[in-house]
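Colleague: Please put the model up, and then I will ask about a few residues.

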Amino acid sequence: MNKSFSKLTAAMLMAFAALHGSDARALGWPENYQGVMLQGFYWDSYTDTKWTNLEAQADELSRYFSLIWVPNSGRCGSSNNMGYMPQYWFTNHNSSFGTEAQLLSMISTFKAKGTGIIADCVINHRNGVTNWTDFPTEEWNGRTWKIGPEGICSTDEVRNASGQAKPTGAPDTGDDFDGCRDLDHTNANVQDNCKNYVKCLQEKYGYAGMRYDMVKGYGGQYTGIYNRYANVEFSVGEYWDSNYDAVKGWIEATGKTSAAFDFPCKYAINEAFSSGDMTKLVWLANGTNPQPAGMIHFGYPRYAVTFVDNHDTYRDGSKFNGNVVAANAFILFSPGTPCVFLPHYKQNKAAIQRLIEIRNACGIHNMSAVKVLKYQGDCYMAEITGTKGKAVVKIGSAMVSPDGYSNSDIKASGTDYCVWTKTEVGGGGGDDPQPELPDHLYIIGEVDGNAWSPSDGVEMQKSGSEFRKEVEVKGTLATATVGYFSFALNLASDWDGMNVAGNRFAPAIDTEVNVGSTLALTESPNPEAAKAFYAKNGRYLLVVDWAKRQLRVETATAVSDIDTDATEPAEAIWFNLQGQQIDAPAAPGIYIRVTGNRAVKIRIAH
């Protein structure tokens, strides 16, 4: 062999690797990927999830989600069209969700905040502009793109339609779709159009990756061809099948250039919650080794995108009808890449955000090792290891705790779920800034003379990252020695309004608090399960650390007079030494009280 030629070849290979190494490593779906995905739409969500509305939420959504899947953006003819009967590929991305300019602005805004937008890529089938087969002629990247009757499968139903062009392509390589023309993916021109359409979505429109629609409709090898050509980093296929081997077979057919939605996991979740049997969340590897059910058990977690519902399952017989937050806790603390469904997120925002914060703080990723600690009818418990720490999730009604963890390690809990970790948890995506305090936090229950009522509450005072309030706890019955209370972001006219998701915080069972107690403040939207904290009758300083979602109970502030004026009336205004007006002393310090006739009282709180 010529040594000079050998050295030159080696140098060329090294240069190629340097230029393309990152693409090669990430093709299909990255290893050890820590991001969480959001399906940013649902069926007929034309107004709610139009591009301008999504862009307006970029600050919030980008803190929790690294990827957002949106509907097909190409024009599909009618004014209200979800995009699954596509006409335009390379041009005219003015859709039912907004103009092309609004699309580009939204994608750019999210990209600047570190969140990639995933395209809904529909290439199994295509629709004509004025009839069944007249796909538009389009110009992009200096070329003309066109598919004619030779690119339509010969088995498509148009073959029997009068007045339509006859398809001359090969038979379909997958399932038939009778709403549009099935494309012949064995055809070289169809392949060229598909390869460059995927490339166009990334290069012209700025999409970060592809969600391939109805991949059962054509051979999996073609997805591999398109992904390799366009160097698709994030690719996930909708292979709608509950059978593990069938989904595995499709992933293999793509040459592992694509992930797949974990339908086997979704159906396991459905079955577990509908039957009340949490053992359905487990798959026994080799008949003995318990693992999370679905594609996420060892072998395929990198290529598994887990979910509880999507736009299709949400409106058919596959809809999940159980505890949404508990189900999301399962996928967020399992391997794979979780994809949260927008309606679930909106209805349970505070709880799901908290779960994502914990996941990010622990550095949990799609290939994290998981150890199932317990699986029985009323309990699934597993420990998952991330790059920054470990977390234990418990799903089910059993009141159990993992060995080696205490109540102070509880970072999130609610009806039928609990998460423990010793890792410090901040807010909004791991290393991001702490979440802003809500505008209000109220104590509802038997405090300061109130009885239980959704419309009566004592508002707490903001202080840094905390809410604080000194109150008298006293049971309303004459014989009561304890008083009960919980917390709410907003008051309401009735209990249904009080117990909407994300509003009320209290333990699932009555929990006693004493001076020195620090307890998890958990979301409890269920009025039957959401009881309250209780304390012995007396005065306490209640402190809520919102970032940690913890309640701390301290001794009531003692206040002594230094200087008084005998004519002081009942009404007065309090100031701290920084000149800020406050309701009343709520922490140690020196305070000034000014009354209407200018009488002044200085107090030391200790």
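Modeller: A polar contact is a pair of N or O atoms within 3.5 Å; within protein, one must be able to donate a hydrogen and the other to accept it, and residues adjacent in sequence count only if both atoms are side-chain atoms. This is a predicted model, where local features need pLDDT of at least 70, side-chain atom pairs count only at pLDDT 80 or more, and totals for chains, interfaces and linings use all residues. Residues are numbered from 1 along each chain as its sequence is written, and side-chain values use heavy atoms, with hydrogens and water left out.

Colleague: Which residue does the side chain of Ser258 join in a polar contact of 2.8 Å?

Modeller: Ser258 has 0% relative accessibility and therefore counts as buried (under 20% relative accessible area, 1.4 Å probe, protein chains only). Its contacts (heavy atoms within 4.5 Å), leaving aside neighbours within four places in sequence, include Thr223, Trp250, Tyr303 and Ser235. The side chain at 2.8 Å in a polar contact is that of Ser235.

Colleague: How many residues does helix H9 give to the largest nonpolar core?

Modeller: A nonpolar core is a set of buried Ala, Val, Leu, Ile, Met, Phe, Trp, Tyr and Cys residues joined through side-chain atoms within 4.5 Å. The largest has 115 residues, and Phe333 is among those that touch the most other members. Helix H9 (residues 324-332; a DSSP run of H or I, at least four residues, numbered from the N terminus) gives the most to this core, and its share is eight residues.

Colleague: How many residues are in the second, separate core?

Modeller: Ala350, Val471, Phe485 and Leu489 are included in this core. Its count of residues is 24.

Notes:
Buried < 20%, exposed > 50% of the residue type's maximum accessible area, 1.4 Å probe, protein only. Helix = DSSP H or I, 4+ residues; strand = E, 2+ residues; numbered from the N terminus.
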